[in-house]
Amino acid sequence: MSAEERGHPGPGPIRVLAPEVASRIAAGEVIERPASVVKELVENALDAGAAAVEIEIEEGGAALMRVSDDGCGIAPSEVESAFLRHATSKLRSEHDLFTVRTLGFRGEALAAVSAAADVELTTRPAGEQGAVRARYRGGELASRGSAPSAPGTAVEVRGLFAQLPARRRFLRSPRAEARAVASVVTDYALCRPAVSFRLRVDGRQALHTPGTGEPRDAVTSVYGAQVASELLPASADRSLREPAPGREQPRCLVGGLVGPPSLHRGSRRYIHLVANGRTISSRALVHAVEEAYRALMPAGRHPVALIRVEVPPGQVDVNVHPRKAEVRFRHEQLVYATVSEAVRSALSGAPAPEAPWLDAPARADGPRPPRGREALASAQPASSLQLPPDLTGAPARPGAARSPLPSGKPVSGRAALPLGERLPALRPLGQFDRLYLVAEGPDGLYLVDQHAAHERVLYERVLTARERGRPERQALLEPVAVALAPDRAELVAELSSELEALGFELSELDGGAVLLRSVPAALGSRDPERSLVDYLDALDAEERLTGPDRALATLACRAAVMAGDRLAPEEQRALLQDLEAASEPQSCPHGRPTVVHLTREALDRSFRRPPQRR
């Protein structure tokens, strides 16, 4: 059977692609979105020795991106060469690939950008009297002339993917693209504290770092003075004793700042890694950082850290990832051990951590949880079963809504109830592993996931309030100024209406901060600043839901009791009653089951008991 008969046209003859097609394919490999353009241009600015870099975007960068610097500039005779593919000033031979000291080195940035958008470059070396301005359209030089300009280079990109509508349709909303750009600039602002960065989004200043060279000053500009003041200095220096013959001694120098165990966040986004002046991602090094915090912070929380790794250029390969986001260390175990040593040494003098459950809301009717090391000493075994005092067969409360259980024998001992099926009245028997509630119903045993159940209850409560247009708010006694990272500030701007509908009342301040006046009632008993930051982290990481339910489900998840929270008998009973009243009690908003039902028949069969007559 031929390819045509199988419904496949089959390959055509082999041809060499036209230059304009090849250039657009190359552009797609380098340029995925506006953040990719900004990254390439910022790297060029840093490689040019810039002490100040300004980035300006409009409509998420799709309409305009402008990156200007005060670096060395481009010689007038080399302007056109800068737009050629594989043209670069940063490599001379194949050997240089293995000792790269610059950020960009492939010679693809300007060629790729000019193939995907209209580009205007204005550049002036310090020794020149005037600047050269070159405009490119469709990858071809459209005009060249002189222009007044200070020493340095400015690249203006307009109409990204305007001639590639299929690519443009894959761009996200302007606010989402602006967040991606802000994330890139934030990474480099922390990576290069000696460089002053300024980011403007739609005319509004989103970030400005002073460029003093002090990492703590850069952290202050990004995350605020409070976070910066808590960070601890970290450093370590290791080397292998016996280097291989003819090679330089393997050595790793680590420095940076790490947060104490009490300073934690709901996302790994706050762990910044820098290798030889390049911001990188590395699962191994993130694991090295987090391993140092083992048992020091609550489960599911992550530290704040800025880790700088320096190794000889020949001992790191920066060309293993198309976007140079990942690197490969020749002596990875040495780097891992040095990072781990630096973080552990910094934490050795940190205050004793609080108990993992202290992030949960304070409960007036429950015992106050112990703090610090007292909590570790008094903690119950993980397998303990907390029993309420009323185990004397008290009848279910009168008036409780009861629903008939589905007929038919369960196959595996679990009776699957329809999502809209109400639960019968349940009597709590206790809490297992600080995660599951054990309850008795009219037809067997029920195991309830306390987090999923509370998430469902809060979701429906907040949903009802939102639909009525009267969100349940907890007003703050005094407004609180919350410093946000630039990408989080853009997330607030993107979802301002959704946040307001949930009960957040806030307004934007200069520099990415917001003024918080109220929080949703579900978060009312928690620290308002941490509640907002944690909520934004969780919302940004939410990938299971989209649309309006995304913000609502994330709020319910963040406000619900967590695994590890000890619930008093009264709290167990109240949670079960609320779940019984829910319209869809069988699953949380993300689709996880809330209840497992073990029928009496299934239990009898498990213990080989004869069926009981009723």
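Me: Buried means under 20% relative accessible area, exposed means over 50%, and partly exposed is in between (1.4 Å probe, protein chains only). What makes Cys588 count as buried?

Reply: Its relative accessibility is 1%. The limit is under 20%, so Cys588 counts as buried. This is a predicted model, where local features need pLDDT of at least 70, side-chain atom pairs count only at pLDDT 80 or more, and totals for chains, interfaces and linings use all residues. Residues are numbered from 1 along each chain as its sequence is written, and side-chain values use heavy atoms, with hydrogens and water left out.

Me: Why does Cys72 count as partly exposed?

Reply: Cys72 has 48% relative accessibility. That value lies between the 20% and 50% limits, so Cys72 is partly exposed.

Me: How do you know that Cys588 and Cys557 are too far apart for a bond?

Reply: A disulfide is a pair of cysteine sulfur atoms within 2.5 Å. The cysteine sulfur closest to that of Cys588 is in Cys557, 7.6 Å away. That is too far, so the two form no bond. A search of the whole structure finds zero disulfides.

Me: How many aromatic pairs does the structure hold?

Reply: Three.

Me: Why is the pair of Phe83 and Tyr136 called stacked?

Reply: Rings of Phe, Tyr and Trp (its six-membered ring) pair if their centres lie within 6.5 Å; planes under 30 degrees apart are stacked, over 60 edge-to-face, and the rest tilted. Here the centres are 3.8 Å apart and the planes meet at 15 degrees, so the pair is stacked. It links distant parts of the chain, 53 residues apart. Phe83 is in the loop between strand 2 (64-69) and helix 3 (109-116), and Tyr136 is in strand 4 (residues 131-137). Helices (H or I, at least four residues) and strands (E, at least two) are DSSP runs, numbered from the N terminus. Phe83 and Tyr136 are buried.

Me: What makes the pair of Tyr223 and Tyr270 tilted?

Reply: The centres are 5.2 Å apart, and the planes differ by 40 degrees. That angle is neither under 30 nor over 60, so the pair is tilted. Tyr223 belongs to helix 6 (residues 215-223), and Tyr270 to the loop between strand 11 (264-265) and strand 12 (271-275). Tyr223 is buried at 9%, and Tyr270 is buried at 5%.

Me: How do you know that the charged end of Arg265 sits over the ring of Tyr270?

Reply: A charge sits over a ring if NZ of Lys or CZ of Arg is within 6 Å of the ring centre and within 35 degrees of the ring normal. The charged end of Arg265 is 5.8 Å from the centre of the Tyr270 ring and counts as sitting over it.

Me: What makes helix 2 roughly parallel to helix 5?

Reply: The axes of helix 2 (residues 34-47) and helix 5 (residues 174-191) come within 8 Å and cross at roughly 25 degrees. Angles under 35 degrees count as roughly parallel, over 145 as roughly antiparallel, 65 to 115 as roughly perpendicular, and the rest as oblique. Therefore helix 2 is roughly parallel to helix 5. Axes are lines fitted to C-alpha atoms, for helices over the stretch in contact, with angles from 0 to 180 degrees between N-to-C directions.

Me: Why does Arg434 count as buried?

Reply: Its relative accessibility is 12%. That is under 20%, so Arg434 is buried. Its place is in the loop between strand 19 (427-432) and strand 20 (436-441). Its phi is near 50 degrees, a positive value in a residue other than glycine.
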